[in-house]
Amino acid sequence: MTEAAHLHDNERALALFAQGIGGAFFHIKSEGEFTGGAGHRAGRPLHDRGVLYLPERIERFSEVAHNRALYRLIALHQICHLEFGAYHFDIAEARSRCAPLAAQPLPESGLPESDFDTLYRHFPAPWLARHLFRLLEGTRIDARMLHCYPGIRRHYERIAQLERPERRPLAVVTDLPALTEALLRWSLGEAADTLVAQDATGALAPLIAQAEMVRAPTAEVKTSAETLARCYAVLDSLGLAPSAAGPGTGIEAVDEDTTAPFDVEPVSFRGDPPAEWLQREERLGDWREQQADMEEGQMADLAGAAAADSADAQQLSDEEADAAGTRPSAADVRKHQTERDTLARRISIEESRIAQALGRGEAHRGPSFLYDEWDSTRGTYLRGWCRVYEERALDSADDQIQAMLNRVAPHQAGVRRRFEQLKPFAYQRIHRIIDGEDLDFDQLVDYQTERKRGECPDDRVYTRRDRLHRDVATAFLVDLSASTDDPIEPPEAEAASADLAPDPRSLNLRDPFDDTAPAPAGHAVAKDAVAADPGSGAATGSDEDAPPRRVIDVQRESLVLMAQALETLHDPYAIYGFSGYGRDNVEFYVAKDFRDPFSYRTLGALAAMKPRRSTRMGPAIRHSIRRLKHAASALKVMIVISDGFPQDCDYGPDRSDHGYGVEDTAKALVEAQDAGIGTFCVTVDRSGHDYLKRMCPDARYMVIEDIEALPDALSKVYERLTGR
Amino acid sequence: MVNCPSYPEAENPGARAAALEEGVSTRLLIYTGQLIAGGIAPRRACEIALVHAVSDDVTAQQAVADIVDVILP
């Protein structure tokens with residue numbers, strides 16, 4: 001009976017393994033998640049920039065440990081393409097090294113293509129060249145991998161032994177398909193003598209002799225290209241290579257394996273990386289360098305023109321200035337400008353072609369994590385269902401930060417005072433005291449020893465536990481869904497009372513951010529700066545032209561207040577935001593992590609929190625649990641701040657039914673409790689009772705009628721959760 | 001180890017924090033070397049002085065063990 005290894009169970013270990021080997025973070029995704037075309041056929045491992053696409057499950061071996069080892073082998077083979085420069089290929093350099101290639105004119109397809117495609121077109125049957133080249137490159141990568149990572153050899157040999165009998169039977173080698181199969185078997189470690197004995201064409205022995213070159217420990221991709229030319233010459237000399245008039249000699253033949261007259265059965269663990277597109281991306285790097293050089297040249301032109309102008313100012317003639325080489329001609333400047341613009345357009349077009357071919361969606365700079373989701377309709381977890389991308393929140397402009405600070409300045413002192421009254425929490429054992437709840441046996445032994453010696457003993461032999469310092473870590477998880485862009489609607493009754501009683505003091509009691517409140521000394525509110533922030537206009541407002549205050553404004557200002565207050569307590573805390581769209585794209589923004597100091601950068605990250613898309617709350621809570629687990633505090637608390645029910649485009653079978661999202665969020669909150677993390681949900685949605693009571697116990701949530709009361713509510717919640 | 005300068009993730013603090021954030025200190029490497037010099041088999045020495053010492057996280061330990069597994073003959 002076989003025991004399968006599943007990708008979602010091994011995703012984190014594989015991501016860390018890949019990072020350790022590759023020196024960069026790799027997202028681990030299943031093969032089915034590759035949405036690009038790129039001539040890739042489904043069900044084969046591959047890699048893209050920063051992504052490894054691996055099988056959803058592996059059950060080739062009966063032991064799960066061997067199946068896990070196969071995951072590592074596949075991942076390592078993919079990473080080794082990058083490590084051993086599989087895409088660092090330049091056709092001009094290859095031609096200069098290889099006489100058979102240089103002997104032919106450089107093929108022109110008239111279409112944008114990779115240098116690999118150009119290489120294949122040097123031969124009458126490009127599809128055969130592509131088959132051979134991939135086989136040789138696979139062999140080269142294997143050889144270098146086994147040389148640099150010798151520990152993988154036993155796993156490699158185990159899978160190679162399993163792979164060979166599973167391939168199509170090879171009796172007598174009489175034609176080209178059998179010949180390529182024999183060469184591939186040799187590349188998997190089958191004895192050359194055995195294979196040559198089966199060969200009736202006489203080509204296998206010279207082919208293997210040539211292919212040995214790619215097994216050298218220093219072989220590079222150009223070695224594979226050179227070996228390809230030699231192997232093709234062997235086939236050609238024996239009349240085994242197809243003629244130019246044969247099938248699959250056109251442009252399509254390079255791009256599509258399907259037009260080739262026969263297919264080479266792939267080696268499962270080598271996969272099928274989109275080499276041609278990745279080489280085009282590597283070439284983009286060269287183009288960008290060229291673009292940077294051109295820009296430098298243009299700057300030199302400008303500097304030259306400036307120098308010439310200066311010469312003019314010194315009454316030198318144009319001829320003298322030109323003779324000194326300081327003034328570039330107008331024609332030169334125009335030519336450089338045109339070349340630079342052309343290259344920039346070329347880079348842009350190539351980037352979008354590559355992105356489309358490789359199915360790249362939004363660029364995520366941070367790592368990703370897979371999480372299960374609770375499927376309430378079936379009463380089971382969907383394993384590895386959601387992918388959370390973790391990103392650092394960006395900085396903001398100084399004026400936005402200043403506007404935010406100005407908004408919160410009048411309220412800092414009050415919130416801080418409340419926090420200073422919080423009692424210490426953690427216990428610490430105090431030794432060497434004259435009375436206490438326990439005896440300190442070390443001290444007691446010393447006491448008796450000294451007494452027996454006739455010395456004057458220290459009689460402080462007691463110990464007790466005291467509450468000395470707080471030991472609380474808190475994560476604030478903020479909903480950044482699109483609805484937080486909504487303007488704040490003041491409660492009708494209060495708005496009416498405000499109309500009836502325009503006394504500023506009564507407004508201040510209701511609205512902690514009311515700008516009419518007298519600011520404390522040293523905290524003068526800069527009205528201009530406030531108006532400069534599009535999101536911080538006063539709803540209570542003196543300035544009717546200012547944009548209305550939004551939910552997100554109050555959320556982030558509340559967090560600034562909380563952060564400033566928590567600094568006085570020295571409690572570690574983190575501030576995260578979440579949003580996203582779809583189960584594969586849950587976004588988790590880190591504005592401040594536990595280890596980050598509170599700094600101007602933190603303020604910038606908070607000011608940069610913006611309304612985004614949906615509210616898939618379950619995976620965001622699960623990711624916060626992961627982060628909190630790493631916090632070394634006795635008490636761990638998660639406070640979720642939202643403005644509505646959990647919702648996403650595919651959060652449950654029926655988009656209009658929010659029950660699925662509510663149930664998943666409830667389950668995630670239970671998981672947090674099970675992990676020893678106290679949770680609390682604060683919502684500014686007035687209909688929040690409807691779903692919050694299904695998500696958590698009554699004592700674990702709060703619905704705020706007036707959003708402006710959020711900072712006050714957060715302070716109370718924090719005090720209640722951590723104060724005793 | 002692959003040098004991937006074109007990969008922005010390598011510079012991303014979030015990426016670093018999420019993974020092998022502690023790294024393997026020189027001290028641990030020296031301990032490992034001392035064990036090997038003292039006659040302990042390299043794999044066993046790495047297991048004792050690196051894998052179990054590098055992190056409390058079982059997944060991180062597994063990943064380091066996997067890296068050791070592919071590097072050592």
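This report describes a small sheet in chain A, the helices that lie across it, and a pair of helices that meet elsewhere in the chain.

The model is predicted, so that local features need pLDDT of at least 70 and side-chain atom pairs count only at pLDDT 80 or more, while totals for chains, interfaces and linings use all residues. Residues are numbered from 1 along each chain as its sequence is written, chains are lettered from A and ligands numbered from 1 in the order in which they are written, and side-chain values use heavy atoms, with hydrogens and water left out.

**The sheet**

Three strands of chain A form an open sheet in the order β2-β4-β3, with mixed pairing; strands here are DSSP runs of E with at least two residues, and helices are runs of H or I with at least four, numbered from the N terminus. Because β2 and β3 of chain A stand at the edges with a single partner strand each, one side of each has no neighbour in the sheet. From one strand to the next the twist averages 25 degrees. The table gives the two pairings, where pairing requires that DSSP finds at least two bridges between the strands.

| Strand | Partner | Sense | Bridges |
|---|---|---|---|
| β2(A), residues 27–30 | β4(A) | parallel | four bridges |
| β3(A), residues 46–48 | β4(A) | antiparallel | three bridges |

On the β2(A) side, Ser30(A) stands opposite Leu54(A), whereas on the β3(A) side His47(A) stands opposite Leu52(A) and Asp48(A) opposite Val51(A). The hairpin of β3(A) and β4(A) has two residues between the strands, and in this hairpin Gly50(A) takes a positive phi near 75 degrees.

Strand β4(A), residues 51–54, is covered on both faces, with Val51(A) and Tyr53(A) buried on one side and Leu52(A) and Leu54(A) buried on the other; buried means under 20% relative accessible area with a 1.4 Å probe, counting protein chains only. Helix α1(A), residues 7–22, lies across β2 and β4 of chain A and runs at about 145 degrees to β2(A), while helix α2(A), residues 64–83, lies across β3 and β4 of chain A at about 140 degrees to β4(A). Angles run from 0 to 180 degrees between N-to-C directions, and axes are lines fitted to C-alpha atoms, for helices over the stretch in contact, where contact means heavy atoms within 4.5 Å.

**The helix pair**

The axes of α6(A), residues 126–148, and α8(A), residues 176–187, come within 9 Å and cross at roughly 15 degrees. That angle makes α6(A) roughly parallel to α8(A), a term for angles under 35 degrees. Among the residues that meet are Trp127(A) and Leu132(A) in α6(A), and Leu183(A) and Trp186(A) in α8(A).

Notes. Parallel < 35°, antiparallel > 145°, perpendicular 65-115°, else oblique. Buried < 20%, exposed > 50% of the residue type's maximum accessible area, 1.4 Å probe, protein only.
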